[in-house]
Amino acid sequence: MASNGKTPSNGAPFQPRMLINGQLVEASDGGKFPVHNPATREISAQVPEASIDDTNAAVAAAKAAFPAWSALDPTRRGAPMKKLAALIRQHNAELARLEAISMGMPVSKFHYGATAAFNFDHFAEAWPSIQGQASVNTPGHVTMTLRQPYGVVALIIPWNAPVHFFASKAAPALITGNTVVVKSSEKAPLAIARIAELVVEAGFPPGVFNILSGHGLPSGQTLARHMDVRALSFTGSSRTGKLIQEDAARTNLKKVILELGGKSPAIVFADADLAKAARLTAASVQANSGQVCMANTRVYVHSSVADEFLRLFKESFAAVRDGDPLAPETTHGPQADEVQYRNVMAYIEQGSQSGKLVLGGTGKLDGMGGYFVEPTVFVDTPEDARIMKEEVFGPVVNINTFEEEAEVVAKANDTEFGLYSAVFTRDISRALRVAKAIESGYVAINCSSPLTGRDLPFGGYKGSGQGREGVLYTMNNFLETKSVIIQLDS
Ligand code: NAD
């Protein structure tokens with residue numbers, strides 16, 4: 001029985017639906033799947049499972065809506081986006097609650113209504129920067145480039161910050177004149193399904209903005225293989241990113257943008273502000289119960305300060321309040337679901353064999369009834385251990401020591417990932433040398449993730465992805481470039 005999938009506004013059970021061609025609908029074959037509250041393991045809601053037919057219908061609606069939407073005055077494309085921003089702000093508490101009962105994010109940590117609204121507001125007015133170029137560098141000719149939308153764009157998002165990824169992809173895709181089909185994650189579809197209702201209220205023309213719920217199979221795969229989807233922006237695991245890339249290559253070579261996983265290093269030199277380094281690196285791994293792509297899960301500390309750093313780190317990392325994500329005092333929620341919990345516990349088991357456990361290590365399923373994992377620290381883990389190479393996606397960190405700068409840079413780079421790195425030192429030359437040498441899309445100096453610069457690009461080196469996102473960058477992902485050459489009569 002659905003136990004707490006209620007909207008606070010009217011107390012009625014929330015019934016998630018999908019948005020296809022302007023209509024809020026169930027799956028055409030009646031398919032549904034349950035979403036559980038990971039703190040209690042009770043069912044929060046039954047959610048429509050998009051079938052292949054539903055997915056094809058959403059793409060067909062988006063294709064039919066594209067000519068009129070792309071031809072519209074961009075200020076008129078922006079108008080429903082601004083209205084949606086206001087509605088999302090208005091319903092922030094409700095979205096926080098729905099996220100808490102589907103993937104366990106504490107309501108005290110939910111700030112994604114604000115960031116999503118910012119994205120819709122910002123991109124609604126960003127159309128003047130959709131610009132080509134012109135030149136007279138070809139004698140006897142004028143040349144120009146036009147920036148134009150792709151057509152139907154698919155957006156596939158993960159569960160760890162769904163409202164943020166939803167908005168940061170959909171808003172730039174829409175203002176540039178594309179029509180979209182979003183697929184939410186099966187682990188966290190509730191807040192996005194509520195936003196689907198707000199999209200209807202905001203007044204987007206039918207077919208412009210379609211929202212599906214369901215699993216990778218069949219819905220996500222159908223989008224990745226669809227001949228009418230011209231671009232696909234994906235945030236999720238590297239494993240799924242590779243499958244999507246393969247599907248795109250085997251079908252219509254749609255443009256693919258990939259924001260994938262990480263195994264991010266933080267390097268703490270002996271001259272660093274140790275208290276600050278310990279506090280910020282601990283916060284990085286603890287945020288969202290370790291379920292953050294850029295979490296600094298490998299920390300390298302200079303051996304001369306390692307004991308003191310470890311003492312400070314453990315103090316900070318252990319100071320969490322775990323419990324009901326709906327309670328305002330909770331700072332540490334459960335892992336998103338049973339699969340995530342079992343994965344994290346399996347990594348902790350392996351980690352205990354390869355390294356030395358010095359904090360945590362316990363799952364609290366029996367004691368608390370939900371998928372809670374203690375903040376966990378390993379030291380002295382061999383560099384080639386699985387837990388040093390693979391993404392755990394839980395509140396688990398490996399802290400190792402180093403002696404020399406060159407040695408630690410080599411260790412930091414010895415990974416197939418390259419999303420985010422942090423370096424703590426008071427020596428500016430060393431900080432910049434390391435920033436230059438490190439193979440990752442982001443480097444933080446004397447700070448760490450999840451901090452990001454408001455207008456910087458975000459994206460991975462190596463297996464962490466391809467392409468960049470950000471307020472100044474994402475529109476570019478959704479615009480083709482056409483070259484036009486005009487011969488002048490002499
Ligand atoms: P996931 O890859 O399991 O799922 C992501 C989405 O892909 C879901 O909507 C899922 O239904 C869909 N999907 C699954 N199989 C598919 C297929 N074959 N074809 C098409 N779609 C398919 O990832 P997740 O567990 O939801 O998210 C966690 C991962 O996301 C972590 O690896 C994390 O590092 C990464 N992540 C990256 C960033 C970033 O910006 N780089 C941000 C957040 C999360």
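Which strand does phenylalanine 234 lie in?

## Phe234 and its strand

Phenylalanine 234 lies in strand S10. Bear in mind throughout that this is a predicted model. Is Phe234 buried or exposed? Its relative accessibility comes out at 4%, and anything under 20% counts as buried, so Phe234 is buried.

As for what surrounds it, leaving out residues up to four places away in sequence, Phe234 touches Ile156, Lys169, Thr240, Gly241, Ile244, Ile257, Leu258, Glu259 and Leu260. If you want a C-alpha distance to check, take glutamine 245: it sits eleven residues from Phe234 along the chain, and the two C-alpha atoms are 9.9 Å apart.

## Around the ligand

Strand S10 (229-235) also turns up at the ligand: along with helix H7 (216-225) and helix H8 (238-250), it gives two or more residues to the surrounding shell. That shell has 29 residues, and those that come nearest are Glu186, Ser237, Thr240, Leu260 and Glu391. By type, the shell splits into 13 nonpolar, twelve polar and four charged residues. Two of the names are familiar by now, since Thr240 and Leu260 are also touched by Phe234.

Which distances go with the ligand's oxygen atoms? A polar side-chain atom of glutamate 391 is 2.5 Å from a ligand oxygen, and a side-chain N or O atom of glutamate 186 is 2.6 Å from one. Glycine 216 uses its backbone instead, with an N or O atom 3.2 Å from an oxygen of the ligand. On its own the ligand would expose 850 Å², and the protein buries 92% of that.

## The loop after H8

Asparagine 252 is found in the loop between H8 and strand S11 (255-259). With a relative accessible area of 15%, Asn252 counts as buried. Its side chain has a polar atom 3.0 Å from the backbone oxygen of methionine 227, and a polar atom of that side chain is 3.4 Å from the backbone oxygen of histidine 226. Setting aside neighbours within four places in sequence, the contacts of Asn252 are His226, Met227, Asp228, Val229 and Arg230.

Leucine 253 belongs to the loop between H8 and S11 too. Here the relative accessibility is 65%, so Leu253 counts as exposed. Its phi is near 50°, a positive value in a residue that isn't glycine.

## Backbone oddities

A bit of background: most residues other than glycine have a negative phi, and most peptide bonds are trans. Besides Leu253, asparagine 288 has a positive phi, near 55°. Asn288 is in the loop between helix H9 (274-286) and strand S13 (298-302), and at 17% relative accessibility it counts as buried.

There are cis peptide bonds to look at as well. One runs from leucine 217 to proline 218, with omega near 10°, and Pro218 lies in helix H7. Another runs from serine 449 to proline 450, with omega near 5°. Pro450 is in the loop between strand S18 (443-445) and strand S19 (465-466).

## Nonpolar cores

The largest nonpolar core has 64 residues, and the members that touch the most others are Leu84, Phe120, Phe166, Leu174, Phe204 and Phe209. Apart from that core lies another, of 35 residues, including Ala266, Val268, Ala282 and Leu419.

What does Phe209 touch, beyond residues up to four places away in sequence? The list runs to Leu19, Leu84, Phe120, Phe166, Ala170, Leu174, Val180, Val182, Val199 and Phe204.

Definitions and conventions: Residues numbered from 1 in each chain as written. Predicted model: local features only at pLDDT ≥ 70, side-chain atom pairs only at ≥ 80, totals over all residues. Heavy atoms only, no water. Core = buried A, V, L, I, M, F, W, Y, C linked by side-chain atoms within 4.5 Å. Buried < 20%, exposed > 50% of the residue type's maximum accessible area, 1.4 Å probe, protein only. Contact = heavy atoms within 4.5 Å. Near = heavy atom within 4 Å. Polar contact = N/O pair within 3.5 Å; in protein donor to acceptor, adjacent residues only side chain to side chain. Areas by Shrake-Rupley, 256 points an atom, 1.4 Å probe, with all protein chains shown as cover. Helix = DSSP H or I, 4+ residues; strand = E, 2+ residues; numbered from the N terminus. Nonpolar A, V, L, I, M, F, W, Y, C, P; charged D, E, K, R; others polar.
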